[in-house]
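Okay, thanks for having me on the agenda. I'd like to walk you through one model this morning, so have a look at it first.

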Amino acid sequence: MRAVREAGRRLGEVLAIMVCFHNPELIVIGGAFAALQDDLLAGIRSVVHERARAQATHRIRIETTTLNADLGLLGGGHHAVEHALSPAGLATWL
């Protein structure tokens, strides 16, 4: 349990930086990490709220999902396609 919380804190350090840059409303943890829900999320949430700006964390939700182990890959692919088909992305190609 101690190792899982420490892993959550380390992951929280990285996510805190991402929260400062991107200001997301939701972070979803999936795959093998989702099974460690309570202990992992406790570590992640504590570090994100400690290190990220209050404006970025006041409404952020950090949750887990058990939908699909490849969900992160699907989300990343969707984000890449969305960016490529945006006006800025199309301007780069044209």
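**Helix 1 and what packs on it**

Let me start in the middle of things: the lining of the second largest pocket gets at least two residues from helix 1, residues 2-22, and at least two from strand 1, residues 26-29. And just so we're on the same page, this is a predicted model.

Staying with that pocket, the space in there comes to about 160 Å³. Which element gives the most to the lining? That's helix 1, with five residues. If you want to click through the lining, select Leu11, Leu15, Met18, Val19 and His22, then Pro24, Leu26, Ile27, Val28 and Ile29. By class we get nine nonpolar residues, one polar and no charged ones.

Let me zoom out for a second. We've got five helices and two strands in this chain, and going along the sequence they come in the order α-β-α-α-β-α-α. There are 94 residues, and 26% of them are buried. Now take the contacts with a separation of 6 or more: 72% of those are between residues 24 or more positions apart.

Back to helix 1. What span should we expect from its 21 residues? At 1.5 Å a residue you'd get 30 Å, and the end C-alpha atoms are 30 Å apart, so the two agree. The buried residues along this helix are Val4, Gly8, Gly12, Leu15, Ala16 and Val19. Keep the usual helix geometry in mind as you look at those: with 3.6 residues a turn, residues three or four places apart point the same way.

Right after helix 1 comes Asn23, in the loop that leads to strand 1. Its phi is positive, near 50 degrees, and this is a residue other than glycine. Buried or exposed, then, for Asn23? In between: Asn23 is at 37% relative accessibility, so we call it partly exposed.

Now the core. The largest nonpolar core has 14 residues, and the ones touching the most other members are Leu15, Val19, Ile27, Ile29, Ile44, Val48 and Ile62. Helix 1, strand 1 and helix 2, which is 37-51, are the elements that give two or more residues to this core. Leu15, Val19, Ile27 and Ile29 should sound familiar, since we met them in the pocket lining.

Have a look at Ile44 in particular. What does Ile44 contact, leaving aside neighbours within four places in sequence? You'll find Gly8, Arg9, Leu11, Gly12 and Leu15, and also Ile29 and Ile62.

Last stop, the pair Cys20 and Thr57. They sit 37 residues apart in sequence, but C-alpha to C-alpha the distance is 8.8 Å. Cys20 is in helix 1, while Thr57 belongs to helix 3, residues 54-57. How do they differ in exposure? Thr57 comes out at 7% relative accessibility and so counts as buried, whereas Cys20, at 27%, is partly exposed; the cut-off for buried is under 20%.

As for contacts, again skipping anything up to four places away in sequence, Thr57 touches Val19, Val48, His49 and Ala52. Cys20 has Arg51, Ala52 and Arg53. So you'll see Ala52 on the contact list of Thr57 and on that of Cys20.

That's my tour. Happy to rotate the view if anyone wants another look.

Terms used:
Residues are numbered from 1 along each chain as its sequence is written. This is a predicted model: local features need pLDDT of at least 70, side-chain atom pairs count only at pLDDT 80 or more; totals for chains, interfaces and linings use all residues. Side-chain values use heavy atoms; hydrogens and water are left out. On a 1 Å grid over the protein atoms alone, a cavity is a set of points where a 1.4 Å probe fits but cannot get out, and a pocket is an open set with protein on both sides within 12 Å along at least five of seven lines; lining residues have an atom within 4 Å of a point. Grid points are joined across faces, edges and corners, and a volume is the space filled by probe spheres set on the points. Helices (H or I, at least four residues) and strands (E, at least two) are DSSP runs, numbered from the N terminus. Ala, Val, Leu, Ile, Met, Phe, Trp, Tyr, Cys and Pro count as nonpolar, Asp, Glu, Lys and Arg as charged, and the others, Gly among them, as polar. The expected span of a helix is 1.5 Å times one less than its number of residues. Buried means under 20% relative accessible area, exposed over 50%, partly exposed in between (1.4 Å probe, protein chains only). Contact means heavy atoms within 4.5 Å. A nonpolar core is a set of buried Ala, Val, Leu, Ile, Met, Phe, Trp, Tyr and Cys residues joined through side-chain atoms within 4.5 Å.
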